[in-house]
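Thanks, everyone. Please pull up the model on your screens, and I'll walk you through it.

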Amino acid sequence: MEFTLGALAAVGATLFTNPIEVLKTRFQLQGELQQRGQYKVHYRNILHAGYVIAKTEGILGLQKGLVPALGHQILMNGVRLGGFHYLAEEKKLNLKSNGEMSFLRTAMIGAVTGVASAYSGSPFYLVKVRMQAQTNEAIAVGTQHKVAGTADAFSQIWRKEGIVGLWRGANGSVPRLAVASAGQLGTFSLAKEYIATNKYYPIEYGLLNSFLGSIFGGIVITVTMNPFDVISTRLYNQGVDAQGRGLLYSSYFDCVSKMWKTEGFRGYYKGIVPGFLRVGPHTMLSLIFWDRLKSFQRKYLSMDSQY
């Protein structure tokens, strides 16, 4: 049940935030391994990017990769939020001996479930990134994989790279989700408890608590995750040779090094504006949906126990 609630919450959020995810992916791939001023800027800012994509690809171009994005959210957040609920809220592993919440323990649980979710959702994330990057040659950025849809993308990866290829780039997703999940869930849980404990809004499962807690979680996740997110996108989207080796990056740290040498510190924060606009609402919607679904579950179980 915890897996289902976490998955449903993330799916609900993704339906609203996927267009921003498309914009973020394009910005993260624009000017890949090139110095500023040495590449053509197809997307000047988030409004311009939305206009260019809608004009060139049609309005549905802003929902590219929606199917694998939903698949990724089901597997990734089902494991992450479901696992966090079980370890923190049922097993109480995030509490100190005096019963108070420990931010460090909560963050560690978030990191562990984040790592597990990175592997569970990686194949769908791989396909999502490649589909979101694919566009007309006139505005293309990054490697173009030329897939006809979700099924075709999986088929191509399977034929060219084998089953191992489905997890290509997962090593880039692990640190991304470990840091993001630790910061997001740790901050969200602590903020909710602080708001309720200090009588600002003394209802443990109140909607305002969920909303304010998710805002803090969204801010933390945006600042900490963006460099890891850019690296992850690059590793997932790069092409491979006949032996299945990456054409641009041989490893995670090779990607980090090459980006630093060519794009500098700014390169790690490419796409931060759409990243914030996507992560903020997605975090808020996911965590609010998650909290509301858990609240409905508690009410249902409470009513059921009365009969």
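The largest nonpolar core has 12 residues. By nonpolar core I mean a set of buried Ala, Val, Leu, Ile, Met, Phe, Trp, Tyr and Cys residues joined through side-chain atoms within 4.5 Å. Buried is under 20% relative accessible area, exposed is over 50%, and partly exposed is in between, with a 1.4 Å probe and protein chains only. Its members are Val22, Leu23, Phe27, Leu29, Tyr43, Ala49, Val52, Ile53, Leu62, Ala133, Ile139 and Val141. Two elements, α1 (2-29) and α2 (46-57), give two or more residues to this core. The top contributor is α1, with 4 residues. Take Val22 from that core. Setting aside neighbours within four places in sequence, Val22 is in contact with Ile53, Gly61, Leu62, Lys64 and Gln132. Contact here means heavy atoms within 4.5 Å. There is also a second, separate core of 11 residues, and it includes Val147, Leu166, Ala170 and Tyr236.

A word on provenance. This is a predicted model, where local features need pLDDT of at least 70, side-chain atom pairs count only at pLDDT 80 or more, and totals for chains, interfaces and linings use all residues. Residues are numbered from 1 along each chain as its sequence is written, and side-chain values use heavy atoms, with hydrogens and water left out.

Now the overall fold. The secondary structure comes to 10 helices and 0 strands. Helices (H or I, at least four residues) and strands (E, at least two) are DSSP runs, numbered from the N terminus. Of the 307 residues, 53% count as buried. Take the contacts between residues at least 6 apart in sequence: 77% of them join residues at least 24 apart.

Next, two bent helices. How far does α5 (residues 150-165) span between its end C-alpha atoms? Only 15 Å, where a straight helix of 16 residues would span 22 Å at 1.5 Å a residue. The expected span is 1.5 Å times one less than the number of residues. The bend in α5 is about 90 degrees, at Arg159. A bend at a residue is the angle between axes fitted to the seven residues ending there and the seven starting there. The buried residues of α5 are Thr150, Ala153, Gln156, Ile157, Glu161 and Gly165. They pack against α3 (66-90) and α4 (103-133).

And α4 itself is bent. It has 31 residues, but its end C-alpha atoms are only 37 Å apart, short of the 45 Å of a straight helix. The bend is about 60 degrees at Ser122, and a proline, Pro123, follows within four residues.

Back to Glu161 for a moment. Val240 and Glu161 are 79 residues apart in sequence, yet 8.5 Å apart in space, C-alpha to C-alpha. Val240 is found in the loop between α7 (207-237) and α8 (252-262). With a relative accessible area of 23%, Val240 is partly exposed. Leaving aside neighbours within four places, Val240 is in contact with Glu161, Arg168, Arg245, Gly246 and Leu247.

On to aromatics. A search of the whole structure finds 6 aromatic pairs. Rings of Phe, Tyr and Trp (its six-membered ring) pair if their centres lie within 6.5 Å; planes under 30 degrees apart count as stacked, over 60 as edge-to-face, and the rest as tilted. Tyr252 and Phe253 are edge-to-face, because their ring centres are 5.6 Å apart and their planes sit at 80 degrees. Are these two buried or exposed? Tyr252 is buried, at 12% relative accessible area. Phe253 is exposed, at 66%. Trp260 and Tyr268 form a stacked pair: 6.3 Å centre to centre, 20 degrees between the planes. Tyr268 counts as buried, at 10% relative accessibility.

One charge over a ring. Lys128 lies over the face of Tyr125, at 4.3 Å from the ring centre. The criterion is NZ of Lys or CZ of Arg within 6 Å of the ring centre and within 35 degrees of the ring normal.

Last, backbone angles. Leu33 is not a glycine, but has a positive phi of about 55 degrees. Leu33 lies in the loop between α1 and α2, and is partly exposed at 23% relative accessible area. Lys146 is not a glycine either, and has a positive phi of about 50 degrees. Lys146 is in the loop between α4 and α5. At 68% relative accessibility, Lys146 counts as exposed.
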